[in-house]
Amino acid sequence: MNARFRLGPHVEEARARRQPIVALETVVVAFGLPRPANLQVALEMEGAVRAEGAVPATIGLLDGQVVIGLTRAELERFAGEERVVKASRRDLAIVLARQRIGATTVAATVWAAARAGIPVVATGGIGGVHRGAPFDVSNDLPTLAAEPVLVVCSGAKAILDLRATREWLETYGIPVLGWGTETLPAFYSASSGLPVDARVDSAEEIARIARIHWALGGKGILVTVPPPAAVAVPLDRLEGVIQEALEEAERHGIQGWEVTPFLLARVAERTGGESIQVNRALLVENARIGARIARALEALSRGQ
Ligand code: PSU
Ligand code: MN
């Protein structure tokens with residue numbers, strides 16, 4: 001790592017003590033959730049990581065540096081009124097050169113975590129292949145194919161073409177594991193009906209698979225966790241809402257990086273905030289499971 005990177009004090013300390021670390025992204029904070037829930041959820045995710053004995057490293061771009069482990073005061077800037085740029089990998093140099101505040105997507109977060117030697121990232125739903133636009137593929141996918149990082153998520157966002165996204169992962173050799181499930185979760189819903197590559201039932205088993213995958217030169221791994229049953233919404237109940245949101249995006253000519261935040265906000269509006277409740281719950285749960293996996297990986301590398 002060079003001067004373009006800065007470790008937060010808690011992450012610096014965690015590294016010195018060889019504590020497990022979980023990286024968290026900031027696009028979900030700045031663009032994925034409304035204020036003030038966004039800051040609360042970000043802090044709850046960090047708390048969930050700590051409660052499982054790991055250290056959170058929330059990543060973002062500030063003052064021309066990639067910050068790995070934002071302090072609370074820094075994190076508040078991503079959640080507040082200041083202008084924040086959505087930064088995927090193509091934006092990194094531009095945002096850093098201009099010293100803007102850049103929230104990192106899953107792609108940019110995975111990329112940064114790989115540079116910092118952090119093997120686990122937790123998020124809500126990854127980006128993927130958009131419906132009706134097979135050329136609109138989130139950079140989350142090729143970055144997962146390029147970096148040896150394990151991402152804990154609830155599948156890809158339900159606004160996407162999940163079948164095409166699932167195929168893409170297969171084509172690029174990214175193992176898709178199901179946490180206590182045989183089918184890929186669909187973000188707000190427990191199941192998309194599409195198969196995962198293997199059901200896994202413990203963090204230790206995931207750590208063993210990940211270690212071998214990386215020893216073989218493999219790159220990204222997805223661990224997919226169904227949203228907590230108490231808040232999950234059946235897939236067919238959301239389909240109409242998603243269709244309406246997609247039509248609205250089309251009518252407004254929404255394109256590029258704005259598509260995902262626009263669709264998420266419309267789904268939230270049309271479900272009367274129900275989708276936000278699911279999103280919140282699954283983000284915190286995924287952070288918690290990410291911490292357990294990070295701990296199991298650390299134990300394996302210590303030979304325990
Ligand atoms: N998970 C959530 N909400 C989000 C995201 C993930 O629960 O808003 C963000 C991630 O940062 C992901 C991005 O990388 O959505 C995908 O954006 P795009 O489709 O433009 O690549
Ligand atoms: Mn896109």
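# Exercises on a predicted model

A backbone N or O atom of Val106 lies 2.8 Å from an oxygen atom of ligand 1. The model is predicted, and the exercises below start from this ligand.

**Exercise 1. Describe the surroundings of ligand 1 and its polar contacts.**

Step 1. Collect the neighbours: ligand 1 is surrounded by 18 residues, and Glu25, Lys86, Ser138, Asp140 and Thr260 are the closest.

Step 2. Look at backbone atoms. Besides the Val106 pair at 2.8 Å, a nitrogen atom of ligand 1 is 3.0 Å from a backbone N or O atom of Gly125.

Step 3. Look at side chains. An N or O atom in the side chain of Asp140 is 2.8 Å from an oxygen atom of ligand 1.

Step 4. Apply the cut-off: a polar contact is a pair of N or O atoms within 3.5 Å. The distances of 2.8 Å for Val106, 3.0 Å for Gly125 and 2.8 Å for Asp140 meet this limit.

**Exercise 2. Classify the packing of helix α10 against helix α11.**

Step 1. Take the geometry: the axes of α10 (residues 235–251) and α11 (residues 259–270) come within 9 Å, with a crossing angle of roughly 130 degrees.

Step 2. Assign the class: α10 is therefore oblique to α11. The crossing is right-handed.

Step 3. List the contact. From α10 it involves Val241, Ile242, Glu244, Ala245, Leu246, Glu248 and Ala249, and from α11 Phe262, Leu263, Arg266, Val267 and Arg270.

Step 4. Sort by class: the contact of α10 with α11 has 8 nonpolar, no polar and 4 charged residues.

**Exercise 3. Do the same for helix α9 and helix α12.**

Step 1. The axes of α9 (residues 203–215) and α12 (residues 274–301) approach within 8 Å and cross at roughly 60 degrees.

Step 2. That angle makes α9 oblique to α12, and the handedness of the crossing is right-handed.

Step 3. Among the α9 residues in the contact are Ala203, Ile206 and Trp214, while α12 contributes residues including Arg292, Leu297 and Ser301.

Step 4. By class, this contact of α9 with α12 holds 9 nonpolar, 1 polar and 4 charged residues.

**Exercise 4. Which peptide bond is cis, and where does its proline lie?**

Step 1. The bond joining Arg35 and Pro36 is cis, with omega about 0 degrees.

Step 2. Pro36 is located in the loop between α2 (27–32) and α3 (37–51).

**Exercise 5. What is the phi of Arg18, and in which loop is its place?**

Step 1. Arg18 is not a glycine, yet its phi is positive, about 55 degrees.

Step 2. Arg18 sits in the loop between α1 (9–16) and β2 (21–24).

Step 3. For context, most residues other than glycine have a negative phi.

Definitions and conventions. Residues are numbered from 1 along each chain as its sequence is written. Chains are lettered from A and ligands numbered from 1 in the order in which they are written. This is a predicted model: local features need pLDDT of at least 70, side-chain atom pairs count only at pLDDT 80 or more; totals for chains, interfaces and linings use all residues. Side-chain values use heavy atoms; hydrogens and water are left out. Axes are lines fitted to C-alpha atoms, for helices over the stretch in contact, and angles run from 0 to 180 degrees between N-to-C directions. Helices (H or I, at least four residues) and strands (E, at least two) are DSSP runs, numbered from the N terminus. Angles under 35 degrees count as roughly parallel, over 145 as roughly antiparallel, 65 to 115 as roughly perpendicular and the rest as oblique. A crossing is left-handed if the near helix is turned anticlockwise from the far one by less than a right angle, and right-handed if clockwise. Contact means heavy atoms within 4.5 Å. Ala, Val, Leu, Ile, Met, Phe, Trp, Tyr, Cys and Pro count as nonpolar, Asp, Glu, Lys and Arg as charged, and the others, Gly among them, as polar. A residue is near a molecule or strand if one of its heavy atoms lies within 4 Å of it. A polar contact is a pair of N or O atoms within 3.5 Å; within protein, one must be able to donate a hydrogen and the other to accept it, and residues adjacent in sequence count only if both atoms are side-chain atoms.
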